Amino acid sequence: MTRKRILFLKVVAYDTMNEAIKEYLEEYKNADTQIEVRSLAAGPKHLEYQYYQAVAGAGILKEILKAERDGFDAVVTSCFDDSFLYPAREISKNIIVTAPGESSMYLASVLGSKFSIIVGRDKWIPQMRENVYKYGLGEKLASFRSLGLGVLDFHRDEELTLKKMKEEIRRAIEEDRAEVIVLGCSMQFGFYRELQKEFKVPVIDSMIAGLKQAEYLLELKEKTGWGFSRRGLYERPPKEEMEDWKLEYIDNF
C-alpha cells in the first residue's frame, strides 16, 4: 500500500487550531493517507473580505509550491471561498489541489436535487454565489442561509453556533425545499453529525469533503493517470517567462 501525503493548508495566519483539525481529519482519512496541517506564516486571520484574500494570495501559492517540493501528493485548502484554487492548480506540476467549496457543492449536487449553503455572514454570499454558477451548479442551489457569525466565532460558543445552525437549516429545508445542507465554512467542522441526525438529510462538512475529494482524485490518478488537464484552464505558465521574471516555478523534481 503506497502511503499518500496530504497537506491541509489553513490559508490564514494562525495555528492555534491546527492540532484539533488534524485530529478531526484523522477520523475520516483512508488508512494509507498521512495528514499534515499548516498555516500561512503571515497575513490575515480570516478571509471574509476579498481584500484579505488578495493579501493572502501570494502566501497561498507559495505554500502550494512548497508542499509539492516537500513531497506531498495533494493539498486541501481551507477556505470555502476556494481562494486561488485555479491559480494553485495552474502553477502546480503533479500535485492534486482541492478546496472545500468545490468539493462540497459537487458532492451535494449528487446527493440531492437542491442544496442550501449555511454561511456565517451575508457578506460572504455574493462571492460564494459566483462560485456556485462558475461550477455550473446554479440550478442545484436552493438558497443561502446566514448565521450572523464570523469565521472566528463558530467555536467560541458552540452551543450558540449549533442553535443558529438548527434554526437556519430548518428554514432551508421547510421554506427553500433544500434536500442537502452544505456547511459553508471549513471552520464549521464538527457540527454535522448532530445536525444530520436531527434533520435526516445529508449535512456536508466541507473540511471532510475537501479531504475525501483529494483522496478520490489521488486514487484516480494512480489507477488511470487522470490529472488536471494542461490544455486551457490549467495550462502552466512558460518556464522561460517565470525564470526571466524571477518568479517561483516548480521543475525538475
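# Exercises on a predicted model

Strand 5 (residues 115-119) runs parallel to strand 7, the two pairing over four bridges. The model is predicted. Work through the exercises with the structure open.

## Exercise 1: Strand 7 and its neighbours

Task: Find which residue stands opposite V182, and in which sense strand 7 and strand 8 pair.

Solution.

Step 1. Start at V182 in strand 7. I117 stands opposite this residue.

Step 2. Turn to strand 8 (residues 203-205). Strand 7 and strand 8 pair in the parallel sense, over three bridges. L183 has D205 of strand 8 as its bridge partner.

Step 3. Trace the connection. The chain leaves strand 7, passes through helix 7 and enters strand 8; this β-α-β crossover is right-handed.

Step 4. Check the two faces of strand 7. In a regular strand, side chains alternate between the two faces of the sheet. V180 and V182 lie on one side, and I181 and L183 on the other. All four are buried, and both faces of strand 7 are covered.

## Exercise 2: A buried serine

Task: Decide whether S104 is buried or exposed, and list what S104 touches.

Solution.

Step 1. Place the residue. S104 belongs to helix 4 (residues 100-111).

Step 2. Read the accessibility. The relative accessible area of S104 is 0%, so S104 is buried.

Step 3. List the contacts, leaving out residues up to four places away in sequence. S104 touches F80, V182, I204, S206 and A209. V182 is also the residue opposite I117.

## Exercise 3: Aromatic pairs

Task: Count the aromatic pairs in the whole structure, then describe the pair of Y24 and F189.

Solution.

Step 1. Count. The search of the whole structure finds nine aromatic pairs.

Step 2. Describe one of them. A pair of aromatic rings is described by the distance of the centres and the angle of the planes. For Y24 and F189, the centres are 5.1 Å apart and the planes make 55°. The pair is tilted.

Step 3. Locate both partners. Y24 is in helix 1 (residues 18-26), while F189 is in the loop between strand 7 (180-183) and helix 7 (192-199). The pair therefore ties together parts that are 165 residues apart in sequence. Y24 and F189 are both buried.

Step 4. Compare with Y51 and Y52. This pair is tilted too, with 6.2 Å centre to centre and 55° between the planes. Y51 is exposed, at 60% relative accessibility. Y52 is partly exposed, at 29%.

Step 5. Look for a cluster. Ring pairs join Y24, Y28, F189 and Y192 into one.

## Exercise 4: Charges over rings

Task: Find which lysine lies over the face of Y14, and which has its charged end over the ring of Y86.

Solution.

Step 1. Go to Y14. K10 lies over its face, 3.7 Å from the ring centre.

Step 2. Go to Y86. The charged end of K134 sits over this ring, 4.6 Å from the centre.

## Exercise 5: Cysteines

Task: Say how many disulfides the structure holds, and why C79 and C185 are not bonded.

Solution.

Step 1. Count. The structure holds zero disulfides.

Step 2. Check the distance. The cysteine sulfur closest to that of C79 is in C185, at 6.9 Å. A disulfide needs sulfur atoms within 2.5 Å. The two sulfurs are therefore too far apart for a bond.

Step 3. Check exposure. C79 is buried at 14% relative accessibility, and C185 is buried at 8%.

## Exercise 6: A67 and its surroundings

Task: Place A67, then list its contacts.

Solution.

Step 1. A67 sits in helix 2 (residues 50-69). Its relative accessible area is 0%, so A67 is buried.

Step 2. Leave out residues up to four places away in sequence. A67 then touches L7, F72, V75 and I95.

Step 3. Take a distance across the model. The C-alpha atoms of A67 and E175 are 44 Å apart, with these positions 108 residues apart along the chain.

## Exercise 7: Positive phi

Task: Locate R177 and K200, and give the phi of each.

Solution.

Step 1. R177 lies in the loop between helix 6 (158-174) and strand 7. Its phi is positive, about 65°, although R177 is not a glycine. R177 is exposed, with a relative accessible area of 60%.

Step 2. K200 lies in the loop between helix 7 and strand 8. Its phi is positive, about 60°, and K200 is not a glycine either. K200 is exposed, at 67% relative accessibility.

Technical notes
Residues are numbered from 1 along each chain as its sequence is written. This is a predicted model: local features need pLDDT of at least 70, side-chain atom pairs count only at pLDDT 80 or more; totals for chains, interfaces and linings use all residues. Side-chain values use heavy atoms; hydrogens and water are left out. Rings of Phe, Tyr and Trp (its six-membered ring) pair if their centres lie within 6.5 Å; planes under 30 degrees apart count as stacked, over 60 as edge-to-face and the rest as tilted. Buried means under 20% relative accessible area, exposed over 50%, partly exposed in between (1.4 Å probe, protein chains only). A charge sits over a ring if NZ of Lys or CZ of Arg is within 6 Å of the ring centre and within 35 degrees of the ring normal. Contact means heavy atoms within 4.5 Å. Two strands pair if DSSP finds at least two bridges between them. A crossover is right-handed if, with the strands pointing away from the viewer, the path from the first strand over the helix to the second runs clockwise.
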